[in-house]
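Thanks for asking me to look this one over. My comments are below, as numbered points to read alongside the structure.

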Amino acid sequence: MAAMEIAVEIGTGYTSIYLPGNGIVLREPTVIAFIGDPRNRRVHAVGAQAEKMLGKTPERTAIVKPVSDGVISDAEACGVLLREFIKKILPDNYIFFPRIKAILGIPTGLNMEERAVYEDVCAAAGISEVTMIDNIILSGIGLDLPIDSAGGGVVVNIGAGTTEIAALSLAGVVSGCGVTIGGDMMDKAVMDFVAGKYDLKIGIGTARKIKNEIGSLYENDTSEMLVSGRNVKTKNTGSAYVTAVDVCEVVKPYYLRIADAVESIINMCPPEIVGEINKKGIYVVGGGSRILGIEQVFSERLGVNVYTVEQPSYCVILGAGKLLGDKELLGRILIQK
Ligand SMILES: Nc1ncnc2c1ncn2[C@@H]1O[C@H](COP(=O)(O)OP(=O)(O)OP(=O)(O)O)[C@@H](O)[C@H]1O
Ligand SMILES: [Mg+2]
C-alpha cells in the first residue's frame with residue numbers, strides 16, 4: 001500500500017498536521033497529560049483537552065509541554081503526543097496504522113544531535129520516513145515568496161517560545177538566526193508586572209489573554225481590561241483594570257530586541273541582497289506578529305516596509321503542505337543543505 005503523506009509542525013505552543021487534499025486537519029496545543037506513577041504512566045489527555053487541565057492538575061496526573069524555547073525538550077512525551085495526534089487524523093476506515101512519510105518543520109540551525117532527537121520522535125510517532133526542513137524556509141513558502149530566486153525575502157517568525165529570522169535566497173538561508181524571545185516569555189512578564197503594579201496575582205492564562213486582546217506597541221493606546229486575581233498582600237480575591245499602556249511597557253522592549261536581531265541579520269547579507277530587501281520589505285509571521293502596531297514600530301526601526309498577514313500562525317504548516325505537492329522545489333531546497 002502506498003505511504004500516506006503528511007506535513008507536521010511541532011511548535012512550542014501548537015502542533016499542526018496537514019493532509020494533502022484536506023489542508024490543515026489538526027492544530028492543537030503541544031501539551032500532553034499523563035496519569036499514573038512516572039515509570040508506568042499512561043496517556044490521560046492530549047492537546048486542547050490536556051491544556052484545559054493546566055493549573056488544576058488532579059493527583060497522579062502530570063501535564064507535560066514537551067517543546068521549550070522552540071526545541072523538543074522531552075522527546076519521549078513528544079513522540080507519544082505526536083502519535084496520538086496522528087491517530088486523531090486517520091480516517092475511520094484505517095484499521096492498521098498506515099506507513100507514513102512526513103515533511104517536518106524544524107527550528108533553524110539544529111545540530112546533528114538535535115536533529116536525531118526529531119528523527120527519534122517521528123519514529124516513535126509511527127512516521128517511517130521524515131524530511132526535515134527549516135521552519136523559516138517553510139514560512140517563506142507559506143507566504144508564497146519566491147524563495148528560490150535571488151533575494152527571495154526576509155521572514156521573521158515570532159512564536160510562543162522562539163523567534164526565527166532569516167534572509168532567504170536561492171532556496172536556502174543567506175543569513176539567519178533564532179533568538180529565544182517569544183510570547184510565553186512576554187506572558188510571564190505581564191503576569192509579574194500586574195503583580196508589581198496592582199498587587200494582583202493573576203494566572204498565566206489571564207496574562208496571555210491581556211497581551212493578546214489589548215496588547216499594542218502604540219504608547220497612546222487607550223484600551224483596558226478588567227481582570228481578577230488574588231491580592232498579593234491580603235490574599236483576598238481582587239481585580240484591576242490593566243491598560244494597553246501597561247502591556248506596551250512590558251512587551252515593547254522584547255519586540256525592539258527582535259527588531260535589533262533582524263537588523264543584524266540584514267547587515268550580514270551581501271549588498272545585492274540588501275538592495276532586494278530594501279525594495280521588497282520584510283514579512284513578520286507567527287502568533288506574536290498579531291500585536292497591534294508591529295508594522296509601524298519595525299519599519300521605523302529598520303527603515304524598510306514591514307508586512308504582516310491574516311493568518312500568521314499557519315505559514316509554516318501551509319508551506320510544508322505546499323512542499324508535499326512540489327517535489328521539484330523540495331529537491332532544490334534539499335540540494336542547498
Ligand atoms: N494578538 C496577539 N498578540 C500578541 N501575541 C499573540 C497574539 N495572538 C497570539 N499570540 C501569541 O503567539 C504565540 C503563538 O504563536 P505560534 O502559534 O506561531 O507559536 P508556535 O509555533 O507554537 O511556537 P514556536 O514557533 O515558538 O515554537 C503565543 O505566545 C501567543 O500568545
Ligand atoms: Mg512556530
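1. Let's start with the surroundings of ligand 1 in this predicted model. There are 22 residues around the ligand, and those that come nearest are Thr 12, Gly 13, Tyr 14, Gly 161 and Lys 211.

2. Three polar contacts are worth finding on your screen. On the side-chain side, Arg 27 places a polar atom 3.1 Å from an oxygen atom of ligand 1. The backbone takes part too: a polar backbone atom of Thr 162 is 3.0 Å from an oxygen atom of the ligand. At Asn 212, a backbone N or O atom lies 3.2 Å from a nitrogen atom of ligand 1.

3. How much of ligand 1 does the protein cover? On its own, the ligand has 660 Å² of accessible area, and 89% of that is covered by the protein.

4. The site can also be viewed as a space in the protein: ligand 1 takes up the largest pocket. Two elements give two or more residues each to the shell around the ligand, namely helix 5 (183–198) and helix 6 (204–214). Helix 6 gives the most, with three residues.

5. What is the make-up of the shell around ligand 1, in nonpolar, polar and charged residues? The polar group has 13 members, while six residues are charged and three are nonpolar.

6. Finally, please look at the shell by domain. Domain 1 (4–30 + 65–138 + 318–336) supplies at least three of the residues around ligand 1, and domain 2 (145–308) likewise supplies at least three.

Technical notes. Residues are numbered from 1 along each chain as its sequence is written. Chains are lettered from A and ligands numbered from 1 in the order in which they are written. This is a predicted model: local features need pLDDT of at least 70, side-chain atom pairs count only at pLDDT 80 or more; totals for chains, interfaces and linings use all residues. Side-chain values use heavy atoms; hydrogens and water are left out. A residue is near a molecule or strand if one of its heavy atoms lies within 4 Å of it. A polar contact is a pair of N or O atoms within 3.5 Å; within protein, one must be able to donate a hydrogen and the other to accept it, and residues adjacent in sequence count only if both atoms are side-chain atoms. Accessible areas come from the Shrake-Rupley method with a 1.4 Å probe; for residues, only the protein chains shown count as cover. On a 1 Å grid over the protein atoms alone, a cavity is a set of points where a 1.4 Å probe fits but cannot get out, and a pocket is an open set with protein on both sides within 12 Å along at least five of seven lines; lining residues have an atom within 4 Å of a point. A molecule sits in a cavity or pocket if more than half of its atoms lie within 2 Å of its grid points. Helices (H or I, at least four residues) and strands (E, at least two) are DSSP runs, numbered from the N terminus. Ala, Val, Leu, Ile, Met, Phe, Trp, Tyr, Cys and Pro count as nonpolar, Asp, Glu, Lys and Arg as charged, and the others, Gly among them, as polar. Domain bounds come from an automatic or database domain assignment.
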